[in-house]
Amino acid sequence: MRLALVLLALLALLAPLVSAFASRARRRDFRALSESQMGALATLDPPEWDAVDSGHLAHLLVPRVSGTENNTQVQEYLSSVFAKLGWHEDKDRFTQETPLGDVQFTNLIFTFDADAPRKLVLSAHFDSKWFEQGGFIGATDSSAPCATLLDVAEALTPLLRARKARVDAGTPLLQDGHDEEDAAATTLQIIFFDGEEAFHEWTDTDSVYGSRHLADKWDAEYLPPSHEFVRRRLSPRPTVLDTVDVLVLLDLLGAPSPSISSYYRDTDWMFVQLSAVDDRLRAAGLVDKGAKEHWFSKYINQFSGIDDDHRPFLHKGVPILHLITSPFPAVWHRMSDNKDALDLGVLRRWNRIMRVWTAAYLGLSADDGGAAATAAPRNASPKTTDEL
Ligand SMILES: [Zn+2]
């Protein structure tokens, strides 16, 4: 009895350590897409997207300060895109004191399969910075990253649907020698954070209002231990935060010649895959802007000190992949951060990288239907038509 008590006490002491060491960002089977699958996914650009301010960006390139009517209209646009795709929507709405008084903020969380035990989270902030004179757009900060997230959702929804149908039908999980257990358990979730920007000077309290609220909320929301948590020996008392494999945060993107670094050792393998996807796209002639440019650094930079929406999640142990250009774009927090700061070829390249990388992370493939099998590439180059 005493021994049992001691053992129990020991277990109770060790449990947090076990969960801390069982990194959620452990390597998984990354199913690289075939050349033709990659080409089909990369060339899905909608025909009407022939200028940076057409397509989704026509709705996002407006001042959208938290708590304003414009901010609400952008929320409605984001919701309308995901409603069409049939994703689950959660709104995290709250009022918080700011240097300008009480402001209502709304984070939008869209999930392909709300019942999935694991999530790959892609995120960006959709608010724009408040300036007294008004009129600040923030095209790189962060209209363009938001547009990329919409693009990834649209491109991958058919593949996600087809894979779910296959998994639900009980098709064996081992396909083509790939262990699909990780992939089958993981869904795609896309978060649009409100209130990233400081109203006055950036401080710990005047910044990242939305992500601080959501990280605190999910940290306090306990879930029943699922088979998936047992399988991966994660926390015996999982919270919603434990369902996040990795939070990928995009910010300050869309201008030419970005310089992207890896900041965290536990997610560096994902960063390497991202860089490899870009290399493959460039080698296949699927990059039409800066094809000779390396955007992704070969070295880990653990001393960046860049504060952003990832901070509250990072402090609670969530693995982070922070895709931000450093140094910041020359237009950063200037009125010139408008559509003229963006480049269509750069935006296309980001969309393609993120589509292909996300598909590989989630183990999606043309075998599951979707882009390559059901949708004719709308802007295909001749290279992509083989062996479909
Ligand atoms: Zn900003």
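Visitor: Are Asp-141 and His-333 buried or exposed?
Guide: The model is a predicted one. A residue counts as buried when its relative accessible area is under 20%. By that criterion, both Asp-141 and His-333 are buried.

Visitor: Which residues coordinate the zinc ion?
Guide: The donor atoms lie at 2.0 to 2.7 Å from the zinc ion. Glu-197 appears twice in the list of donors, through OE each time, while Asp-141 contributes OD and His-333 contributes NE2. The coordinating residues are thus Asp-141, Glu-197 and His-333.

Visitor: How many residues apart in sequence are the parts that Asp-141 and His-333 tie together?
Guide: Along the chain, the donors of the zinc ion follow the spacing D-x55-E-x135-H. Asp-141 belongs to helix H5 (residues 139–168), whereas His-333 sits in the loop between E10 and H11, so the pair ties together parts whose separation in sequence is 192 residues.

Visitor: What is the geometry of the site of the zinc ion, given its four donor atoms?
Guide: Four donors count as tetrahedral if all angles lie between 85 and 135 degrees. Here the angles among the four donor atoms run from 54 to 142°. That range extends beyond both limits, and the site is classed as irregular.

Visitor: In what order do the six strands form the open sheet?
Guide: The pairing in this open sheet is mixed. Strands E1 (88–98) and E10 (320–324) each have a single partner strand, so they stand at the edges with one side lacking a neighbour in the sheet. From one strand to the next, the twist averages 20°. The order is E1-E2-E6-E3-E7-E10.

Visitor: Over how many bridges do E1 and E2 pair?
Guide: E1 and E2 form a hairpin, with two residues between them. Within this pair, Thr-98 stands opposite Gly-101, and Thr-95 has Gln-104 as its bridge partner. The sense of the pairing is antiparallel, and the number of bridges is 11.

Visitor: What angle does the direction of helix H11 make with that of E3?
Guide: Helix H11 (residues 344–361) packs on the sheet, where it touches E3, E6, E7 and E10. With respect to E3 (118–125), the direction of H11 makes an angle of about 160°.

Visitor: In E6, which residue is the bridge partner of Thr-111?
Guide: E2, which is mostly covered with eight of its 11 residues buried, pairs with E6 in the antiparallel sense over four bridges. For Thr-111, the bridge partner in E6 is Gln-189.

Visitor: How many residues apart in sequence are the parts tied together by Lys-316 and Asp-216?
Guide: The side chains of Lys-316 and Asp-216 form a salt bridge, with an N to O distance of 3.1 Å. Lys-316 is in the loop between helix H10 (311–314) and E10, and Asp-216 is in helix H7 (residues 209–219), so the parts they tie together have a sequence separation of 100 residues.

Visitor: Is Arg-311 buried or exposed?
Guide: Arg-311 forms a salt bridge with Asp-307, the closest N and O atoms being 2.9 Å apart. Asp-307 is partly exposed at 26% relative accessibility. Arg-311 has a relative accessibility of 11%, and because the limit for burial is under 20%, Arg-311 counts as buried.

Visitor: Which residues are linked in a network of salt bridges?
Guide: The whole structure contains 19 salt bridges. One network links three aspartates with three arginines, namely Asp-45, Asp-151, Asp-288, Arg-348, Arg-352 and Arg-355.

Visitor: What distance separates the C-alpha atoms of Trp-350 and Gly-254?
Guide: Trp-350 lies in helix H11 and is buried at 2% relative accessibility. Leaving aside neighbours within four places in sequence, the contacts of Trp-350 include Leu-253, Gly-254 and Pro-258. Gly-254 is 96 residues from Trp-350 along the chain, yet their C-alpha atoms are separated by 7.9 Å.

Visitor: Which helix has seven of its eight residues buried?
Guide: The buried residues of this helix include Met-38 and Leu-41. With seven of eight residues buried, the helix is largely enclosed by the rest of the structure; spanning residues 35–42, it is helix H2.

Definitions and conventions:
Residues are numbered from 1 along each chain as its sequence is written. This is a predicted model: local features need pLDDT of at least 70, side-chain atom pairs count only at pLDDT 80 or more; totals for chains, interfaces and linings use all residues. Side-chain values use heavy atoms; hydrogens and water are left out. Two strands pair if DSSP finds at least two bridges between them. Axes are lines fitted to C-alpha atoms, for helices over the stretch in contact, and angles run from 0 to 180 degrees between N-to-C directions. Contact means heavy atoms within 4.5 Å. A salt bridge is a side-chain nitrogen of Lys or Arg within 4 Å of a carboxyl oxygen of Asp or Glu. Buried means under 20% relative accessible area, exposed over 50%, partly exposed in between (1.4 Å probe, protein chains only). Donors are N, O and S atoms within 2.8 Å of the metal (3.2 Å for Na, K and Ca); water is not among the atoms, so sites may look incomplete. Four donors count as tetrahedral if all angles lie between 85 and 135 degrees; four count as square planar and six as octahedral if opposite donors are over 155 degrees apart and all others between 65 and 115; anything else is irregular.
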